[in-house]
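Colleague: Got a few minutes to walk me through this one? I'd like to ask about cysteines, charges and helices.

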Amino acid sequence: MRAVIVAIGVAFLISLFCTPIAIKVFARLKAGQPIRSNLGLASNEGKKGTPTMGGVVFILATVIAYVAGHLALTTLPDAQIAQVEPTITALVLLGLMVFSGAVGFIDDFLKVRKRHSGGLNKRGKLAGQILVGAVFGAVAVYFPSSMKDVSGNATNTETVGSTTLSFIRDIPALEIGKIGAVIVIIMVVMAATNGVNLTDGLDGLATGASVMVLAAYALIAFWQYRHWCADPNYNEAYCYTVRDPLEIALIAGAAAGACVGFLWWNTSPARIFMGDTGALGLGGLIAGMAMSTRTILLLPILGGLFVIITMSVVIQIISFRTTGKRVFRMSPLQHHFELAGWSEVNIVVRFWIIAGIGVAIALGLFYSEFLAAVS
């Protein structure tokens with residue numbers, strides 16, 4: 001627990017105090033977010049030129065905090081099960097965050113350079129998401145752990161990702177094989193990155209929702225660590241067959257802390273935007289969390305707000321292409337309510353409430369499954 005707390009604190013402080021520096025640097029570089037002024041959105045007024053690519057700050061803060069958390073792990077007693085050395089789990093999770101963020105950075109850079117909101121074309125962004133998902137999905141599925149206990153015996157030979165679909169645990173009846181698992185991981189990465197990206201339309205909306213989801217994954221992973229099948233003290237009937245759960249909790253906590261620090265400057269009126277750099281980076285990490293905690297089918301509930309907003313876009317496109325009519329005044333959904341007269345702050349707070357409800361339901365399902373297994 002000490003390592004997780006250290007990682008959260010370090011990430012929060014770095015993000016809180018380094019974001020103002022990033023604001024000044026990006027402002028000098030004229031890296032302002034291009035804003036379309038012909039959409040009739042009140043939230044767009046006065047935002048032209050606001051620095052973007054702020055996701056760079058909390059991505060770097062998460063990586064640095066991970067290292068700090070590992071330094072704290074070295075003080076744990078030898079008899080306690082802990083991953084003192086960096087693992088492939090960390091490589092996969094941080095790799096998904098950094099390289100998904102890199103795809104977003106290219107998009108942001110092109111927007112700033114062209115002074116246009118177009119950025120990277122859809123095919124390029126899609127290709128980048130598929131490549132990142134495929135590379136780290138393969139690493140997650142094909143490289144088992146070689147973790148050993150204090151006696152030198154293998155204690156955990158799990159892979160980061162599973163070859164079966166999972167809800168709260170792996171579902172043995174839904175075996176999909178290694179290739180199928182990589183394909184599923186790619187799909188989850190694409191869904192999560194696009195979901196967070198579509199949600200990032202109002203000040204603080206995506207950041208606050210991501211904090212809730214990442215904090216939930218920190219709790220889930222730490223609970224799994226405390227009831228880990230690698231620890232012989234826990235019964236096979238209710239222990240969790242995952243790989244490196246403490247690593248997962250540490251990274252999720254660090255990312256949540258970094259986002260809270262960033263939210264101080266990103267909340268309305270935002271002084272900096274996360275940009276596609278941050279949105280895709282967070283989406284990639286959230287996808288990795290679902291994969292590594294073996295809760296892939298729980299993710300749509302846990303990230304319910306992202307699903308709702310994504311579906312609003314899908315419904316709008318299908319309706320317009322088939323009937324020529326729009327279901328919403330504008331999609332994503334948050335802009336529909338803007339045009340309906342809601343203030344930006346009202347939309348953000350109410351959408352945060354929806355995100356919190358999804359997280360609460362998912363955590364309730366997770367814990368109730370554990371109680372059922374114990375009984």
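**Cysteines, charges and helices**

Modeller: Let me start with a cysteine: Cys259 counts as buried, because its relative accessibility is 0%. Keep in mind that this is a predicted model.

Colleague: Which cysteine sulfur is nearest to that of Cys259, and how far away is it?

Modeller: Cys259 takes part in no disulfide. For a disulfide, the two sulfur atoms would have to be within 2.5 Å. The closest cysteine sulfur to that of Cys18 is the one in Cys259, too far for a bond. So the neighbour you're asking about is Cys18, and the distance is 15 Å.

Colleague: Is Cys18 buried, partly exposed or exposed?

Modeller: Buried would need under 20% relative accessible area, and exposed over 50%. Cys18 has 33%, so the label is partly exposed.

Colleague: Which cysteines do form a disulfide?

Modeller: The 2.5 Å rule gives a count of one disulfide. Its sulfur atoms are 1.9 Å apart, and the link is right-handed, with 90 degrees about the S-S bond. The partners are Cys229 and Cys239.

Colleague: What does that pair tie together, and how many residues apart are the parts in sequence?

Modeller: Cys229 lies in the loop between α6 (205-226) and α7 (245-266), and Cys239 lies in the loop between α6 and α7 too. So the pair ties together parts of the chain whose separation in sequence is ten residues.

Colleague: And which of the two counts as buried?

Modeller: Cys229 has a relative accessible area of 31%, so Cys229 is partly exposed. The other partner has 5%, under the 20% limit for buried. The buried one is therefore Cys239.

Colleague: On to charges. Which residues are linked in a network of salt bridges?

Modeller: The structure holds eight salt bridges. One of them joins the side chains of Asp107 and Lys111, at 3.5 Å from N to O. Both of these residues lie in helix α3, four residues apart, or about one turn of the helix. The full network is Asp107, Lys111, Lys125 and Asp276.

Colleague: Are Asp107 and Lys111 buried or exposed?

Modeller: The relative accessible area of Asp107 is 0%, and that of Lys111 is 10%. Both values fall under the 20% limit, so Asp107 and Lys111 are buried.

Colleague: Which salt bridge links distant parts of the chain, 200 residues apart?

Modeller: One partner is in helix α12 (residues 344-374), and the other is in the loop between β3 (164-166) and β4 (170-175). The closest N and O atoms of this pair are 2.7 Å apart. The partner in α12 is partly exposed, at 23% relative accessible area. The pair is Glu369 and Arg169.

Colleague: How far apart are the closest N and O atoms in the salt bridge of Arg243 with Asp244?

Modeller: Both Arg243 and Asp244 are buried. A salt bridge needs the nitrogen within 4 Å of the carboxyl oxygen. For Arg243 and Asp244 the closest N and O atoms are at 3.1 Å.

Colleague: Now the helices. Where is the kink in α1?

Modeller: Helix α1 (residues 2-28) has 27 residues, and its end-to-end C-alpha reach is 39 Å, close to the 39 Å expected. Its buried residues include Ala11, Ile14, Thr19 and Pro20. The kink is about 35 degrees and comes shortly before the proline Pro20, at Cys18.

Colleague: At which residue does α3 bend?

Modeller: Helix α3 (residues 88-114) has 27 residues and reaches 38 Å, close to the expected 39 Å. After the helix comes Arg115, with a positive phi near 55 degrees. The bend is about 25 degrees, at Gly95.

Colleague: How far apart in space are Pro86 and His70, C-alpha to C-alpha?

Modeller: Pro86 is in the loop between α2 (55-73) and α3. With 61% relative accessibility, Pro86 counts as exposed. In sequence Pro86 and His70 are 16 residues apart, and in space they are 7.6 Å apart.

Colleague: Last one: how much accessible area does the nonpolar patch on the surface have?

Modeller: The patch is formed by Val307, Met311, Val314, Ile315, Ile318 and Val327. Among them, Ile315 sits in helix α10 (residues 304-323) and is partly exposed at 38%. Together the six come to about 460 Å².

Key. Residues numbered from 1 in each chain as written. Predicted model: local features only at pLDDT ≥ 70, side-chain atom pairs only at ≥ 80, totals over all residues. Heavy atoms only, no water. Helix = DSSP H or I, 4+ residues; strand = E, 2+ residues; numbered from the N terminus. Expected span 1.5 Å × (residues − 1). Bend = angle between axes of the 7 residues up to and from the residue. Patch = residues over 30% accessible without salt bridge, like charges linked within 9 Å, V, L, I, M, F, W, Y side chains within 5 Å. Areas by Shrake-Rupley, 256 points an atom, 1.4 Å probe, with all protein chains shown as cover. Buried < 20%, exposed > 50% of the residue type's maximum accessible area, 1.4 Å probe, protein only.
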